[in-house]
Protein chains: 2
Amino acid sequence: MNHTIDTILNHRSIRKFTEDKLTDEQIHILIKAAQQASTSSNVMAYTIIGVTDPVLKKELRKISGQPYVEHNGHLFVFCGDLHRITQLSTPEERIEMEETIESTEQFIVTIIDAALSAQNLAIAAESIGLGICYLGSLRNDIYHVSELLGLPDYVVPLFGMAVGTPAQQPELKPRLPFEVVYHENKYLADEIQQPAISSYDAELLEYYQTRSSNTKVDTWSEQMIRKYRNPIRMDVSSFVKEQKLNKR
Amino acid sequence: MNHTIDTILNHRSIRKFTEDKLTDEQIHILIKAAQQASTSSNVMAYTIIGVTDPVLKKELRKISGQPYVEHNGHLFVFCGDLHRITQLSTPEERIEMEETIESTEQFIVTIIDAALSAQNLAIAAESIGLGICYLGSLRNDIYHVSELLGLPDYVVPLFGMAVGTPAQQPELKPRLPFEVVYHENKYLADEIQQPAISSYDAELLEYYQTRSSNTKVDTWSEQMIRKYRNPIRMDVSSFVKEQKLNKR
């Protein structure tokens, strides 16, 4: 269609990188791309922390359990940030701003702002031949990540992103059918969604059985049920509240 | 740099569109682009609702207060969705999945998943000459939006996006300086951030005074303090909990 849409449709997560480091120029252009994303009322409610310290990278790898958190071209950590907006306020103004900052509404704003900027960074990176992997796994121990990065109140680490030169080329994994994800005017009734979900289950089973490595017998529905029967990261809730976000 | 990065860096929100409607082919390619974004553990925790019914569009415009919610090439509403994953589960399994689904962790997952897919859609649209505007304003009455779209438990409307042929070409608004948004290894101390924020305040003041329309005297810090002193959308919190998300 065009270079941009080709880049987007060609996305696959990369979990193995060469040792080539991103250049300062590359980091600058990627951050500039991130910053140009839409932001709610110009709040820009996020901070991106680039992690270059090898000791820190090793610690974050331990938290995530993923070797590519340590071995990559560059590691970014995306934080929701409502601390910055208070910096040039007076102590009185700060007190008046608290109720809004601590709301679930503003917590949603920080997550959306951070995610939009991250996806701009991801696409920009992929457009110049780099690979990326999102790292929700940093939330495995969100208290520790926050401590390692020295985050103040009103700031939470949301996810990381490993970027670098790909040392693998995984297959494209099939997505849910169009008609399951895209509804018109009203949320689609379960009876209408279910046959399409079943057909996706069959498609994913076929994909897992025939892909070039790590073949298995599994469906989407079974994966989801298995995953959600085991609560994980239940401490994220208390952590976020201790950072004074999502409190009311 | 390349077509993709040029597209990203050229982003500005479009708030006035021609009456040209998106074609079905365009909608399909945009949704395909949205779906190719990264997703946490393949959950794909979002649903996109395309709004074409004129009566419904008028209602959503009333909620947002923005005419371009009604007048655009196409209107998308992005919803966080943890309902779909329960569809092929048994009632017993569903009960076992509840604790996880209702967690703040999974609420974060839905917002990130929805936002990443939305930003893919936005960039794909801009790459073919369309303009876009995110609509956080649908959260002005999130209860009503949810009712209009018929959302079940575990589904919340997060934001809309108006897409269409631009009928305006706004200036690019300056963003915060690189060194304020991008930190290395540790969150930057306030004393270091503040001079750069002050310089952005001066830059934005200059921008507002010299732009081609709607000139005003304002800085970023003043805007933020003003905005956050007035709590808005405080009912989002209770709404989300009533949809059985972000509860624990």
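**Salt bridges and overall build of a predicted model**

At 15% relative accessibility, Glu70(B) falls on the buried side of the 20% cut-off. This is a predicted model, and Glu70(B) makes a handy way into its charged pairs. The side chain of Glu70(B) meets that of Lys58(B) in a salt bridge, with 3.3 Å from N to O. The two residues sit 12 positions apart and link distant parts of the chain: Lys58(B) belongs to helix α3 of chain B, while Glu70(B) lies in the loop between α3 (54–64) and β2 (74–81). Unlike buried Glu70(B), Lys58(B) counts as partly exposed, its relative accessibility being 46%.

A second pair in chain B brings together Arg84(B) and Asp81(B), whose closest N and O atoms are 3.7 Å apart. Here both partners are tucked away: Arg84(B) is buried at 1% relative accessibility, and Asp81(B) is buried with a relative accessible area of 1%. Over in chain A, Lys58(A), Arg61(A) and Glu70(A) are joined into one network by salt bridges that share partners.

What about contacts across chains? Arg233(A) pairs with Glu105(B) in a salt bridge, the closest N and O atoms being 2.9 Å apart. Arg233(A) comes from the loop between α9 (220–229) and α10 (236–242) of chain A, and Glu105(B) from helix α5 (residues 104–127) of chain B, so this salt bridge joins two chains. Both of these residues, Arg233(A) and Glu105(B), are buried. Over all chains, the count of salt bridges comes to 22. As a rule, side chains of opposite charge can pair when their charged atoms come close.

Zooming out to chain A, the secondary structure adds up to 10 helices and 5 strands. The radius of gyration of chain A is 20 Å, close to the 18 Å given by the globule rule for 248 residues, so the chain is as compact as a globular protein of that length. Along the principal axes, its C-alpha atoms fill a box of roughly 60 × 45 × 40 Å. Of the 248 residues in chain A, 60% are buried. Among contacts in chain A with a separation of 6 or more, 79% come from residues 24 or more positions apart.

As for the outside, chain A has an accessible surface of about 9200 Å², and carbon and sulfur atoms account for 51% of that area. Its charged side chains number 25 positive and 33 negative, with the centres of the two sets 5 Å apart.

How values were computed:
Residues are numbered from 1 along each chain as its sequence is written. Chains are lettered from A and ligands numbered from 1 in the order in which they are written. This is a predicted model: local features need pLDDT of at least 70, side-chain atom pairs count only at pLDDT 80 or more; totals for chains, interfaces and linings use all residues. Side-chain values use heavy atoms; hydrogens and water are left out. Helices (H or I, at least four residues) and strands (E, at least two) are DSSP runs, numbered from the N terminus. The radius of gyration is taken over C-alpha atoms; the globule rule is 2.2 Å times the number of residues to the power 0.38. Buried means under 20% relative accessible area, exposed over 50%, partly exposed in between (1.4 Å probe, protein chains only). Contact means heavy atoms within 4.5 Å. Accessible areas come from the Shrake-Rupley method with a 1.4 Å probe; for residues, only the protein chains shown count as cover. Lys and Arg count as positive and Asp and Glu as negative; His and the chain ends are not counted. The place of a charge is taken as NZ of Lys, CZ of Arg, CG of Asp or CD of Glu. A salt bridge is a side-chain nitrogen of Lys or Arg within 4 Å of a carboxyl oxygen of Asp or Glu.
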